[in-house]
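Here are a few exercises to try with the model open in front of you. Have a go at each one before you read the solution.

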Amino acid sequence: ILNFIMSQSQSIENVLWTIFTHYTLVGNPRDPSRMNNTNLMKFCRDILIMDPMMAEKCITQADVSLIYTAVKKQTITSTHLQKANSAITTQVVMEKSDKLSFEEFISCLIKISFKCYP
């Protein structure tokens, strides 16, 4: 699928968006703007990044979960600080932050790449 997408002369951002929405639609067809931890894990398995033969340093499911949690925690903290003076409660921020946005997905990819290719 990636070869087909890349052959369409799309930008890297568009290719990553296509990949992101593919996995979000698998997880929840009603919300293609958010990715859960299970679908991030499926993505990592599908691209063989957990296979020791495919990366300089193979990552584990625990590594992916830790990266997911770290990115979400960073987002929750920054969102909470930005919204501190508004009427949005912490509970609403937490509900909106339980899945990855596209930008958070990119942050996860960066962290995963540094882990696999130190």
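**Exercise 1.** Find which residues form a nonpolar patch on the surface.

*Solution.* Step one: know what to look for. Patch members have over 30% relative accessible area and no salt bridge (a side-chain nitrogen of Lys or Arg within 4 Å of a carboxyl oxygen of Asp or Glu), and nonpolar side chains (Val, Leu, Ile, Met, Phe, Trp, Tyr) are joined within 5 Å. Step two: pick them out. They're Leu-48, Met-53 and Met-54, with about 340 Å² of accessible area together (Shrake-Rupley method, 1.4 Å probe, only the protein chains shown counting as cover).

A quick note: this is a predicted model, where local features need pLDDT of at least 70 and side-chain atom pairs count only at pLDDT 80 or more, while totals for chains, interfaces and linings use all residues. Residues are numbered from 1 along each chain as its sequence is written, and side-chain values use heavy atoms, leaving out hydrogens and water.

**Exercise 2.** Work out whether Met-53 is buried or exposed.

*Solution.* Buried means under 20% relative accessible area, exposed over 50%, and partly exposed in between (1.4 Å probe, protein chains only). Met-53 has 72%, so Met-53 is exposed.

**Exercise 3.** Do the same for Asp-63, then find a backbone partner for its side chain.

*Solution.* Asp-63 comes out at 17% relative accessibility, so Asp-63 counts as buried. Now the partner: the backbone nitrogen of Thr-60 sits 3.0 Å from a polar atom of the Asp-63 side chain.

**Exercise 4.** List what Phe-43 touches beyond its neighbours within four places in sequence.

*Solution.* Look for contacts (heavy atoms within 4.5 Å). You should get Ile-19, Tyr-23, Phe-105 and Leu-109.

Terms used: Patches are made of residues with over 30% relative accessible area and no salt bridge: like charges are joined within 9 Å, nonpolar side chains (Val, Leu, Ile, Met, Phe, Trp, Tyr) within 5 Å. A polar contact is a pair of N or O atoms within 3.5 Å; within protein, one must be able to donate a hydrogen and the other to accept it, and residues adjacent in sequence count only if both atoms are side-chain atoms.
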